[in-house]
Amino acid sequence: MRLDKYLAETAQCTRSEAKTMLAKGCVQVNGAVCKKGDTQLKDTDTVTVDGAPLRYQKFVYLMLNKPEGVVSASTDKRDTTVVDLVGDAYPRRELFPAGRLDKTSTGFVLLTDDGGFAHDILSPRHHVSKTYTVTIDTPLTQEMCTGFAAGVTLADGTALSPAEVTALSPDGCTVQVVLRQGVYHQIKRMFGVYGAGVNALHREAIGGLALDAQLAPGQWRELSDEEMAKITIQNTALFTRLSKMYHNLPVK
């Protein structure tokens, strides 16, 4: 990979900005100042800008705590989107939410620019679970528990995969739901089959990775290799493939 292209991708800058850094002598390759943007980098080369090492990331993966009122989309003409909350932190990345939450729902949204990864974790055949805390307007019943476990059939005839629901509060109105598929307004429609309404819904986890309790609504951060493993470890083949595409990839 050319040095100027590498700078643009790792330092999140334009090619012209990369050329300016090179001209000013801010860029070092293996400890030596390099001002030639067409320098071809090898896998073993180390690149720094003003002494700070750069890391090549083929894709970006972010954990975001979605607030109520924000839509799960890349762009929207009327409402603030989850991508808007990231601002200009990744100007050269086309981020999008890997899975959606309703506008009124809150919690863990995973943002990425890796379409293959998003498809894999959302595919029912990979069995990546999503865990939610849900407040309903009527106590949880045994009929609901049995129905969820067997697979609810929605009012329009759609047959859903089995899901898990358990009470979290003594009155049975705060429950935990674990899904392994994604259907439009799925949880609200499932409870609707039993005459129950959903007052609040918060996504707590994707796969084995829980939302960081330190992230306030609207805040976000990058995911580590270890955290990515917690999302995909439920499917060994999926994790093995994805781990080859994640952080610390060699320069090519």
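**Exercise 1: Strand β7 and its neighbours**

Find the residue in β7 that is the bridge partner of Leu 62, then work out which strands pair with β7 and in what sense.

*Solution.*

Step 1. Start at Leu 62 and look across to β7: the bridge partner there is Leu 111. Keep in mind that you're looking at a predicted model.

Step 2. Now zoom out to the strands. β5 covers residues 61–66, and β5 and β7 pair in the antiparallel sense over six bridges.

Step 3. Try the next neighbour. Strand β6 (residues 96–97) is joined to β7 by two bridges, and these two strands run antiparallel. Here Phe 96 has Thr 112 as its bridge partner in β7.

Step 4. Next comes β11. Two bridges join β7 to β11, but this time the strands run parallel. You can spot Gly 107 standing opposite Arg 203 in β11.

Step 5. How many of the residues of strand β7 are buried? Seven of the seven residues, 106–112, are buried, so β7 is largely enclosed by the rest of the structure.

While you're looking at strands, here's a handy general point: in a regular strand the side chains alternate between the two faces of the sheet.

**Exercise 2: Following β10**

Describe how β10 pairs with β8 and with β9, and find the glycine with a positive phi in the hairpin.

*Solution.*

Step 1. Take β8 (residues 130–136) and β10 (residues 174–179): six bridges join them, and they run antiparallel. For one of the contacts, go to Lys 130, whose bridge partner in β10 is Leu 179.

Step 2. Move to β9, residues 164–167. β9 and β10 pair over four bridges, again in the antiparallel sense. Val 165 stands opposite Val 177 in β10.

Step 3. Check the turn. The hairpin of β9 and β10 has six residues between the strands, and Gly 172 takes a positive phi near 75 degrees there.

**Exercise 3: An aromatic cluster**

Four aromatic pairs turn up in a search of the whole structure. Describe the pair of Phe 148 and Phe 191, then see how Tyr 194 joins in.

*Solution.*

Step 1. Look at the geometry of Phe 148 and Phe 191. Their ring centres are 5.0 Å apart, with 50 degrees between the planes, and the pair is tilted.

Step 2. Ask what the pair connects. Phe 148 lies in helix α4 (residues 142–150) and Phe 191 in helix α5 (residues 186–193), so the pair ties together parts that are 43 residues apart in sequence.

Step 3. Bring in Tyr 194. The rings of Phe 148 and Tyr 194 have centres 6.3 Å apart and planes at 40 degrees, so this pair is tilted too. It links Phe 148 in helix α4 with Tyr 194 in the loop between α5 and β11, 46 residues apart.

Step 4. Buried or partly exposed: which word suits Phe 148, and which suits Tyr 194? Buried means under 20% relative accessible area. Phe 148 has 0%, so it counts as buried. Tyr 194 has 21%, so it is partly exposed. As for Phe 191, that residue is buried.

Step 5. Put it together: Phe 148, Phe 191 and Tyr 194 form one aromatic cluster.

**Exercise 4: Why no bond?**

Why don't the sulfurs of Cys 34 and Cys 26 form a bond?

*Solution.*

Step 1. Recall the cut-off: a disulfide needs two cysteine sulfur atoms within 2.5 Å.

Step 2. Compare. The closest cysteine sulfur to that of Cys 34 is in Cys 26, 13 Å away, so the gap is too far for a bond. The count of disulfides comes to zero.

Step 3. See where these two cysteines sit. Cys 26 is buried, at 15% relative accessible area, and Cys 34 is buried too, at 12%.

**Exercise 5: The largest pocket**

Give the volume of the largest pocket and say what lines it.

*Solution.*

Step 1. The space in the largest pocket is about 620 Å³.

Step 2. Its lining has 25 residues, and Arg 100, Leu 101, Asp 102, Val 183 and Arg 203 lie nearest the centre.

Step 3. Sort the lining by type: twelve residues are nonpolar, seven polar and six charged.

Step 4. Which element gives the most to the lining? That's α5, with three residues. β6, β8, α5 and β11 each supply at least two.

Conventions. Residues are numbered from 1 along each chain as its sequence is written. This is a predicted model: local features need pLDDT of at least 70, side-chain atom pairs count only at pLDDT 80 or more; totals for chains, interfaces and linings use all residues. Side-chain values use heavy atoms; hydrogens and water are left out. Buried means under 20% relative accessible area, exposed over 50%, partly exposed in between (1.4 Å probe, protein chains only). Rings of Phe, Tyr and Trp (its six-membered ring) pair if their centres lie within 6.5 Å; planes under 30 degrees apart count as stacked, over 60 as edge-to-face and the rest as tilted. Two strands pair if DSSP finds at least two bridges between them. On a 1 Å grid over the protein atoms alone, a cavity is a set of points where a 1.4 Å probe fits but cannot get out, and a pocket is an open set with protein on both sides within 12 Å along at least five of seven lines; lining residues have an atom within 4 Å of a point. Grid points are joined across faces, edges and corners, and a volume is the space filled by probe spheres set on the points. Ala, Val, Leu, Ile, Met, Phe, Trp, Tyr, Cys and Pro count as nonpolar, Asp, Glu, Lys and Arg as charged, and the others, Gly among them, as polar.
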